[in-house]
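Here is a friendly walk through a protein model with you, the first-year reader, in mind. Keep the picture open as you read, and look up each part as it is named.

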Amino acid sequence: MSDKSDNQRSWGRRKVVRALGALPLGIILASQLSWAAPATTTGQAVTEDTVTVGILHSLTGTMAISETGAQEAEKLAIKQINESGGILGRQIKIIQEDGASDWPTFAEKSRKLLVNDKVAAVFGCWTSASRKAALPVFEKENGLLYYPTFYEGLEQSKNVIYTGQEATQQILDGLNWVAKEKGAKTFYLIGSDYIWPRTSMKIARKHIENVLGGKVVGEEYKPLGDTQFGSVINKIRLKKPDVIYAAVVGGSNVAWFKQLKAAGINSKKQTLLTISVTEDEVLGIGGENLEGFYSIMKYFQSQDNANNVAFVKAFKEMWGDDSVIGDVTQAAYLGPWLWKAAVEKAGTFDVDAVVKASEEGDIELTTAPEGYVKLHPNHHLWSKARVGMWKKDGQAEVVYTSELLEPDPFPEGYQ
Amino acid sequence: MGGYSYDELGAIFAMQGFAGISLFSVLLLMALGLAIIFGQMGVINMAHGEFMAAGAYTTYLISSLTETYIPAFMPYYFVFSIAAAFLVAGTLGYLAEFILIRHLYKRPLDTLLATWGLSLIMQQSYRSIFGAREVSPTLPDWLMGAYPATDMIDIPINGMFVLGLTIFTTLAVFYLMFKSSWGLRVRATTQNRVMAGAVGINTKKIDRYTFALGCGIAGMAGAAFTTIASTGPTTGTLYIVDTFMVVVFGGAASLFGTIASAFSIAQAQSILEFFISGSMAKVFTLLTLVIILMFKPEGLFASKVRR
């Protein structure tokens with residue numbers, strides 16, 4: 001009797017220990033089970049009624065000023081898709097990660113989203129440097145990235161859909177416009193020191209020298225985040241260029257324009273064309289420091305069409321009346337919609353099938369705020385280039401709109 | 001330099017000189033607060049940049065409040081906001097010393113870690129309160145634009161303003177440190193803490209006010225820099241490297257060293273930047289610093305404190 005009870009007690013104790021040990025495992029298993037239920041794909045975070053995607057932008061650091069809008073637009077698009085019934089009958093769930101303006105962090109977080117969270121698609125990255133850092137991860141893990149920023153081109157990956165404009169769509173038309181409208185012959189190029197400004201300037205220089213017959217009188221790069229432009233401004237003053245062609249990004253942008261104005265260089269004396277200022281940046285720079293300068297983009301918030309009016313209204317409802325919408329914010333908004341179209345065409349979330357559906361050249365959005373866009377088999381969008389002149393209130397007046405431009409990420413003669 | 005007239009070259013020379021002086025005043029204003037704390041107390045304050053950001057955010061707050069409630073006051077608020085920035089950052093510094101730093105004086109390396117932690121906490125607070133986006137106060141019109149000295153020479157007004165503020169602050173610090181009785185007590189504490197205590201100086205109080213003063217000056221610097229650049233939660237980290245560079249190169253315990261060091265770094269940087277590109281200018285400046293520090297590890301002006 002006493003023997004038995006002793007035995008029981010010791011068993012009991014062991015069982016308790018075992019049960020305790022198994023408890024967390026059980027919880028993990030239970031949560032894994034619901035995810036692992038295969039729907040239309042293998043190994044992705046897709047259940048019978050949800051599909052998980054990733055958003056990966058810098059919420060902190062020097063790029064936060066630019067990237068905040070992009071992730072807000074992506075969330076708005078996803079919310080609207082969910083409200084209209086989701087994708088293939090599934091509601092979209094979001095896992096958000098912070099790239100922290102640090103390129104290796106983008107690679108690390110991409111791996112986390114693809115390997116640990118098994119997301120079906122990622123909407124993210126902003127600078128080219130962050131995309132280049134994340135790209136090998138997406139190619140190795142066969143993920144799908146919707147990249148929203150206008151960028152330098154010279155890239156086409158199976159695993160990336162580029163919803164912004166590549167260099168020729170932005171740079172060439174803008175240069176043609178300024179050469180024709182302002183009779184510009186001499187250009188001073190200035191940018192932040194990383195891959196996008198440097199490659200963009202290389203393309204711009206070739207176009208200025210070979211096509212427009214103009215002259216580049218100076219080319220300058222400043223470290224990312226630098227706030228001292230006094231010497232550069234003096235150099236520009238000495239060279240007296242017809243056009244300052246600028247690609248300064250992030251926090252440096254604010255210092256650059258404030259100091260230009262402080263040095264007495266304004267739009268009355270100097271034509272300035274920039275490829276790195278959208279409504280987002282103007283918020284930090286201040287409209288009064290930019291008045292009369294030009295930006296080349298594919299979208300401006302002031303664009304007057306029904307799609308855009310509805311988009312601006314919805315965006316302000318979700319993110320507040322003070323929020324502004326820049327070029328990349330709009331391009332980021334296209335990402336989830338393009339993904340939805342491709343997934344529904346493919347009938348599955350499988351990356352290979354979605355990419356194949358995207359490459360057939362017939363995915364288009366008639367509801368895009370910028371007007372109309374179509375996905376080219378080379379993973380880029382057909383879109384229009386627009387030149388906007390900045391006004392004091394931080395909005396731009398569109399002074400030039402191009403034809404629908406074919407994306408050409410590998411332009412002959414510019415490499 | 002063919003193709004340019006003497007007038008043009010003269011004008012560029014003058015403006016380039018001012019660009020150097022302007023950078024000098026920025027570096028000096030950044031470094032003054034740190035030099036006081038590091039030089040007089042031996043505390044390596046990694047959160048210095050965040051105290052600057054505190055001053056910048058104070059300016060931003062006052063600017064938005066003024067714009068909303070008393071727009072007529074807009075032309076004058078900026079002067080007022082510099083004083084407010086000094087008080088806010090100084091108070092924060094006072095509290096930080098009281099809560100954190102004073103327990104760690106005997107463990108200098110731990111203050112490094114503790115102040116770094118403090119900087120992370122402050123960054124995250126700014127992010128939670130003001131958001132991740134960078135902000136800029138609306139500057140009064142008289143601070144913007146350029147003063148056309150001649151047809152060709154334009155001198156940035158914000159640059160002159162920062163220069164003036166730097167001169168004022170530097171003179172004030174020198175007066176405090178070397179002419180006032182409070183400064184005498186600070187220097188006595190630095191030289192021999194035990195002896196200073198023995199003659200009746202409240203060294204703990206001295207420490208607290210010195211730290212608060214250093215942070216307050218950092219706050220003023222932050223307020224002044226809103227005229228040059230924008231403010232974000234991590235703005236401070238942009239400045240902290242340059243600030244330490246100036247203080248270490250100048251010699252930790254010497255205010256004269258800090259001035260000399262800020263001047264030589266600023267001139268080297270802006271002259272180099274005129275002839276080569278911005279990134280390379282920075283590389284050359286840093287390389288030169290490293291080489292000089294290899295031969296003079298104590299900095300330009302070695303401290304004369306008895307060890």
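Helix α1 of chain B covers residues 6-41, which makes 36 residues. From its first C-alpha to its last it reaches 51 Å, close to the 52 Å expected at 1.5 Å a residue; that expected span is 1.5 Å times one less than the number of residues. Helices here are DSSP runs of H or I with at least four residues, strands are runs of E with at least two, and both are numbered from the N terminus.

Before going further, note that this is a predicted model, in which local features need pLDDT of at least 70 and side-chain atom pairs count only at pLDDT 80 or more, while totals for chains, interfaces and linings use all residues. Residues are numbered from 1 along each chain as its sequence is written, and chains are lettered from A and ligands numbered from 1 in the order in which they are written.

## The helix and the core

Where does α1(B) bend? The bend is at Ala31(B) and comes to about 35°, taken as the angle between axes fitted to the seven residues ending there and the seven starting there. After α1(B) comes Gly42(B), with a positive phi near 70°.

Because 27 of its 36 residues are buried, α1(B) is largely enclosed by the rest of the structure. A residue is buried if 20 or more other C-beta atoms lie within 10 Å of its own, exposed if 12 or fewer, and partly exposed in between, with C-beta atoms placed from the backbone.

Ala31(B) also appears in the largest nonpolar core, which has 132 residues. A nonpolar core is a set of buried Ala, Val, Leu, Ile, Met, Phe, Trp, Tyr and Cys residues joined through C-beta atoms within 7 Å. Among the members that touch the most others are Ala31(B), Leu27(B) and Tyr245(A). The largest share of this core, 20 residues, is given by α1(B). Beyond its neighbours within four places in sequence, Ala31(B) is in contact with Thr243(B), Val246(B), Val247(B), Thr258(B) and Ala262(B). Two residues are in contact if their C-beta atoms, placed from the backbone, lie within 7 Å. Another core, of 61 residues, lies apart from the largest one and includes Leu113(A) and Trp337(A).

## Chain A and its partner

Chain A has 12 helices and 14 strands. Of its 415 residues, 53% count as buried. Among contacts in chain A with a separation of 6 or more, 71% join residues 24 or more positions apart.

How many residues of chain A are in contact with chain B? There are 34, and they meet 35 residues of chain B. On the chain A side, the elements giving two or more residues are α2 (64-83), β7 (215-222), α7 (230-239), α8 (250-262) and α9 (279-285). That side divides into 12 nonpolar, 14 polar and eight charged residues. Here Ala, Val, Leu, Ile, Met, Phe, Trp, Tyr, Cys and Pro count as nonpolar, Asp, Glu, Lys and Arg as charged, and the others, Gly among them, as polar.

Within chain A, the domain assignment, which is automatic or from a database, gives domain 1 (50-165 + 303-379) and domain 2 (168-297). Their C-alpha centres lie 28 Å apart. The contact between them takes 21 residues from domain 1 and 19 residues from domain 2. On the domain 1 side, α2, α4 (128-140) and α11 (327-346) each supply at least two residues.

## Four residues to find

Where do these residues sit, and how many C-beta neighbours do they have?

| Residue | Place | Other C-beta atoms within 10 Å |
|---|---|---|
| Ala100(A) | loop between β2 (91-98) and α3 (103-116) of chain A | 19, partly exposed |
| Asn142(A) | loop between α4 and β4 (145-147) of chain A | 14, partly exposed |
| Thr58(B) | α2 (48-69) of chain B | 24, buried |
| Asp98(A) | β2 of chain A | 20, buried |

Most residues other than glycine have a negative phi. Yet phi is positive in Ala100(A), near 55°, and in Asn142(A), about 50°.

Thr58(B) and Ile82(B) are 24 residues apart in sequence, with their C-alpha atoms 8.6 Å apart. The C-alpha atoms of Asp98(A) and Leu59(A), 39 residues apart along the chain, are separated by 5.6 Å. Leaving aside neighbours within four places in sequence, Asp98(A) is in contact with Ser58(A), Leu59(A) and Thr60(A).
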